[in-house]
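Thanks for making the time this morning. I would like to walk you through one structure, going from the overall fold to the core and then to a pair of cysteines, so please have a look at it first.

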Amino acid sequence: MAIDRRRAEELLKEKGLKVTRQRMAVLEAIGSCPQEHLTAEEIFELVKVGCPDIGLATVYRTIQLLRDLRLVDRIEFDDGIVRYEMGSALESAGKHRHHHLVCIKCGRVTPFQDDLLEELEGKIAETAGFRVVNHEVKLYGYCVECGGDLIEEKRK
């Protein structure tokens, strides 16, 4: 997903922050890999191509700042590695972030877009008086390459 540069700039300015080359480069690096969940080091490698003078510490500080603004989200898949993806502040209003399918054999992470929890959220609002504004789902299993397709074959 290409980033909404105008919206990102607006959010930075609303918080009294400057729109810097480094901040936009970090956002663009994350936005350039929408199907991936990048580590800070991977973001650094992408950013330094266009900003060779940037340091890893600057990338870490920039990621933290962008997380505080919800322009970047932190995600973990129980493997001890912190990754980042485009944040909820740049998504359409009322739209939940995507979910993740995590292969427990090879570690592949696949984004999953369908949101099947709207009915549950409505029930929660009705019975508990709690309005869900976002959720995160991680489903663990086996990808096709690691035997996930065998389950479908056994059903036949």
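**From fold to cysteines**

The protein chain has a secondary structure of six helices and five strands, and I should say at once that this is a predicted model, so please keep that in mind throughout. If you follow the elements from the N terminus, they run α-α-α-α-β-β-β-β-α-β-α. The protein chain has 156 residues, of which 37% count as buried, and its exposed surface comes to about 9900 Å², with carbon and sulfur atoms supplying 52% of that area. As for how the chain folds back on itself, if we take contacts between residues at least 6 apart in sequence, 50% of them join residues at least 24 apart.

Let me turn to the interior. In soluble globular proteins, nonpolar side chains tend to be buried together, and here the largest nonpolar core holds 26 residues, among which Leu27, Ile43, Val47 and Ile63 touch the most other members. Two or more residues each are given to this core by α1 (5–14), α2 (21–31), α3 (40–50), α4 (56–68) and β2 (82–86), and the largest share, six residues, comes from α2. To take one core member, which residues does Ile63 contact once its neighbours within four places in sequence are left aside? They are Val26, Ala40, Ile43, Val72 and Tyr84.

Two of those partners, Ala40 and Ile43, bring us to α3, where Ala40, Ile43, Phe44 and Val47 are buried. Looking down the axis of α3, you would find its buried residues within an arc of 100°, which means that they line one face of the helix. The cover over these buried residues of α3 includes α2, α4 and β2.

Finally, the cysteines, since someone at the bench is bound to ask about them. How many disulfides does a search of the whole structure find? The search finds zero, and for Cys103 the reason is distance, because its sulfur lies 3.7 Å from the closest cysteine sulfur, that of Cys106, whereas a disulfide is counted within 2.5 Å. Seen from the other side, Cys106 is likewise in no disulfide, with the sulfur of Cys103 as its nearest cysteine sulfur, 3.7 Å away. As to their surroundings, Cys103 is buried, at a relative accessible area of 5%, while Cys106 is partly exposed, at 43%.

How values were computed. Residues numbered from 1 in each chain as written. Predicted model: local features only at pLDDT ≥ 70, side-chain atom pairs only at ≥ 80, totals over all residues. Heavy atoms only, no water. Core = buried A, V, L, I, M, F, W, Y, C linked by side-chain atoms within 4.5 Å. Buried < 20%, exposed > 50% of the residue type's maximum accessible area, 1.4 Å probe, protein only. Helix = DSSP H or I, 4+ residues; strand = E, 2+ residues; numbered from the N terminus. Contact = heavy atoms within 4.5 Å. Areas by Shrake-Rupley, 256 points an atom, 1.4 Å probe, with all protein chains shown as cover. Arc of directions from axis to C-beta.
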